[in-house]
Amino acid sequence: MGGGTPQDMCSRSEYPLRAPKPVGQLISNIYKDRINQFTTGGQWESRNLRAMMHEAQVSGEPHVQLWVWDAPGQSRPTFKEAVSHEFRKTKVGEAFGPSWSTHWFKVTLKVPDDIRDKRLVELHWDANNEGLIWTEDGKPLQGLTGGNERVEWILPKSFLDGKEHTIYIEMACNGMFGNAPGGDSIQPPDPNKYFRLDRAEIVAVNPDARQLGIDMWIIGDAAREFPQDSWEQHKALQTCNRVIEAFKLGDKESLKTCRDIAKEYLGPNVDSAKVYDSGKEPLVYGIGHCHIDSCWLWPFDETKRKVARSWSNQCDLMERYPELNFACSQAQQYKWLRELYPSVFERVKKKVSEGRFHPIGGSWVEHDTNLPSGESLVRQFLYGQRFFESNFGSRCQTFWLPDTFGYSSQLPQLCRLAGMNRFLTQKLSWNNINKFPHTTFNWVALDGSQVICHMPPAETYTAEAHFGDVKRSMSQHKSLDHDATSLLVFGKGDGGGGPTWQQIEKLRRCRGISDNVGLLPRVHMGSSVDDFFDRLELKADSFVTWYGELYFELHRGTYTTQANNKRNNRRAEDALRTLELLATITSIKDKSYKYPKKDFDDMWESVLLCQFHDCLPGSSIEMCYRDSDKIYSKVFETAEKILSGISEVFEFTRTNKTTLADGLVLNSLPWHRKEVVEISENEAAVACGQGPFLRLRKLQTPEDSPLVSVKQTASDVHVLENSQLKVTIDHGLITSIYDKTSDREVVPKGQKANQYVIFDDKPLYWQAWDVEVYHLDTRKELNPHSTTVLDEKNHRVSVATKTRISEESWIETTISLSAALDGQQSYVEVESKVEWHETMKFLKVEFPVDVRNTEASYETQFGIVRRPTHYNTSWDMAKFEVCSHRFADLSENGYGVSILNDSKYGFATTGNLMRLSLLRSPKAPDAHADMGTHHIRWAILPHNGSLSHVTVRKAYEFNNPLKLVSTPEGTADASLRAGPPVKLTATSNPALVLDTVKRGEDDEDVSRGELPKKDGKSVILRIYDSLGGRARGTIETTWDVKKVTKTNLLEDDLKEVEFADGKFDIDLKPFEVATFKLQLA
Ligand SMILES: [Zn+2]
């Protein structure tokens, strides 16, 4: 039977028959905007949640008493020194400065009785600059940022006793991003900034109000950022509006009600780390991080304080937030902390041992990877990993380099050889032409070695841990086919700081939403970067691959800016290579000679520091380059000292004048060398041989023709000629280089080589960093004045020209040709002295060559990288300016031309036009970058055949001129002339380069005790294949070797190599970097 009548059913329902009132749909945008009004400042703050944040606040005497001592000038005295001075009374409202000065405050706090029992009592200090809170007895507690950011310090319970307690605050007169005037942080610093102490007050915080503020921040974001067509968005909007309606100004109980409503959306556990215990599979792994540029818009000395401020913050936060895991790189920063802030270092060390604070990166600093030499990259890892191992008991597994300006194609190989198979970076998301297509992939080096690379899809290493950062960790993930997980690297950075409590609280709520509502990718806290990569590694064989360099499509000006700094880098690298070789030989020859390990360590650590990714690239303020000039001059001083020590053992003196009988030349290169060297004003000799000291022979001049000549053939036309080359210089420009040996013209007819060109250089924003593609459209040729003959010597001829750039700037150029020697490729050498006083101009020099290829070759670390000479695609075109080391080469089958240089890194080859970048003139962040005098050398090296060892060796030789030394007649040590104690035999593949010879780090007579000493003496050899083919050879040594092992870069034995009769064979794969350890008997 049927049921009851319709009337019966109605009576059982409470649903009214008639609509009691009109109800409208939420007008979404208005209700969304209203959320902001609940927490914002300004006109609403006396009536919204803000009005209930603080239950009490007191400032001024007797509760907050302030004294100050102003440190003189730009000094940064220690705590001990500071507190020994007389302090004067001060108060809120006083301004402190100028820029970079330091002021120490003595702060006496007396908590009023009526807030002693409050749940959360803080000191709020805001002087709009950075600060560090110290205990009365000199222990750093926590950093302060200023400008409303990180201004609170929680008073310890012991301070709530109603008595006076003293702390010190060290104020640094700089903001997080230095001292730029106005709002543009990359403008050169204002030297005269003052900072007002706005707040110094004791505040009792209402924790419910504070937590509700964070609840609303995140649910509000869900309402704003979840898609409009999702129920999760609508629910968030509803929740926010219900909270706002439940809020009753002045009623503390209503805050609890509001929070209960919020938890309907966030879930019940967001007030603790328990929120992460749901057991559900996360996708986004949050890791706290603090990127501190070792110098940038502030000097190195300020960074030392930034480290103490930032890392003490993190140790402090870890006490309150058990889920916080913090990864931090740069061994140098740990070393600074150890030396200057031992108590903070101990605190960090404790957190490291608890597995919360994670040293990461394995390198000395977060260095540039375009410009340092191969051996420098090796030492970044060697010094970094040794520091981490000796101080924290283990090495790093992940190379961490979020913020550098392009990535050398050899990095994966070097990482693997330094014990790291993971790599994290991020900067490629700044590409301004092509979007890099992967998030997680295998990155493959020139030699085929690979690392797992992850680029956080939130596209930042300083995430604010916003709802949007978590969301983008999925929406911008480009490798979802293979793995959907990602790292979220959060925390204030660049200027330091690290995670804030707000960020950690926000992530708890994001996780709550994922578990309780869904839609947001589930974030997890509490694991490490290594844990993240451990999981990736299990499926890494399915990841896509990227072969070769990760070219950064931005910041191409950094190959050129701050020329002097780059020149110093090249010189220092060469000096270190030379001295390590000579000191190794000396220490084995003479037992009384002590291998100067400490000096080498100091030199290397200095060079490695200056390779920091804002220093060597040229993107720092002027102060940093004054510092790096000092650092390098100390390096060169130490180099002189080491060389003196070696010269005492070998009894030679350096000279610029000698005789055939007495003279020798000092050589640091590992192959047979034959060159003309000047031994006095008008006399030259031939240095010939192999080994550290080469003999001099008479330079034979044939009867019938000079070795080299210069002739004027027409008005302002000169011809320089030797047995291989005939060079025509017409009105200061090279119009012809005729290669007699190959019967080829190098310069295309009608074109001009060694042509200076100048460009307008106004990038879109980042002046020191960027040169933009449109600068090429502004090319202007600079024409030299008339040419004069400068040298007309038997062995060398030169002509000189002067080129005016502007009223203030000019170039003096010397073009030289030396006598050609049999078996040695001759080249045209150019020396320039540039007086440079331009604004936003870029100076380059061009070489059109009669060679055709769609790819040019550039020297990179331990190898070459090929790049297009055309603009077929946007990826090709993006490489309109590239990085090159000692040479760039354009070769076709059978013939080519190399351009060598002594200190430059920027290059471009377009069609048949090769172009070396010389000088830039950006005005930010250093207003005087590159102004002044520059000495630059380059050479045009034509060669028969394709790119070969001829170019590789000539480029080394061009950068390492032979040095004349004298030995007292008759007393010369026979061993001086005895040839090299270790070498590649003549039958070895000439592509092999024996680049580094040094002593073993832990040899008992060398070690400085960081790691356990090893018995006996050893020598480390680093050899690479420079041209990209399998290369076999034999190493021969006169040392008494008992065992040879192949090792990694950290000098760990990999396998024993068969050694007999003073020889062992090597067999390198294309572009392989191999290290061998010779254990001496
Ligand atoms: Zn950086």
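In this predicted model, histidine 291 is buried, because its relative accessibility is 0%. Histidine 613 also has a relative accessible area of 0%, so this residue counts as buried. The cut-off for buried is under 20%.

Both histidines bind a metal. The zinc ion is coordinated by His291 and His613 through their NE2 atoms. Asp293 and Asp403 complete the list of donors, each through OD. The donor distances run from 1.9 to 2.2 Å. Along the sequence, the donor residues follow the spacing H-x1-D-x109-D-x209-H. Histidine 291 sits in the loop between strand S13 (284-289) and helix H7 (300-320). Histidine 613 sits in the loop between helix H16 (597-610) and helix H17 (622-650). The pair therefore ties together parts that are 322 residues apart in sequence.

The geometry at the zinc ion is irregular, because the four donor atoms subtend angles of 88 to 164 degrees. A tetrahedral assignment requires all angles to lie between 85 and 135 degrees. For four tetrahedral donors, the ideal angle is 109.5 degrees.

A separate feature is the second largest pocket, with a volume of about 1,000 Å³. Its lining comprises 32 residues. Thr39, Arg50, Met53, Trp217 and Gln502 are the closest to the pocket centre. Several elements each supply at least two lining residues, namely helix H2 (28-37), strand S1 (54-59), strand S12 (199-205), helix H4 (207-225) and helix H13 (501-516). H4 gives the most, with seven residues. By residue class, the lining of this pocket holds 13 charged, 12 polar and seven nonpolar residues.

Technical notes: Residues numbered from 1 in each chain as written. Predicted model: local features only at pLDDT ≥ 70, side-chain atom pairs only at ≥ 80, totals over all residues. Heavy atoms only, no water. 1 Å grid on protein atoms, 1.4 Å probe; cavity = no way out; pocket = protein on both sides within 12 Å on 5 of 7 lines; lining within 4 Å. Points joined across faces, edges and corners; volume = space filled by probe spheres on them. Helix = DSSP H or I, 4+ residues; strand = E, 2+ residues; numbered from the N terminus. Nonpolar A, V, L, I, M, F, W, Y, C, P; charged D, E, K, R; others polar. Donors = N, O, S within 2.8 Å, 3.2 Å for Na, K, Ca; no water. Tetrahedral: all angles 85-135°; square planar, octahedral: opposite > 155°, others 65-115°. Buried < 20%, exposed > 50% of the residue type's maximum accessible area, 1.4 Å probe, protein only.
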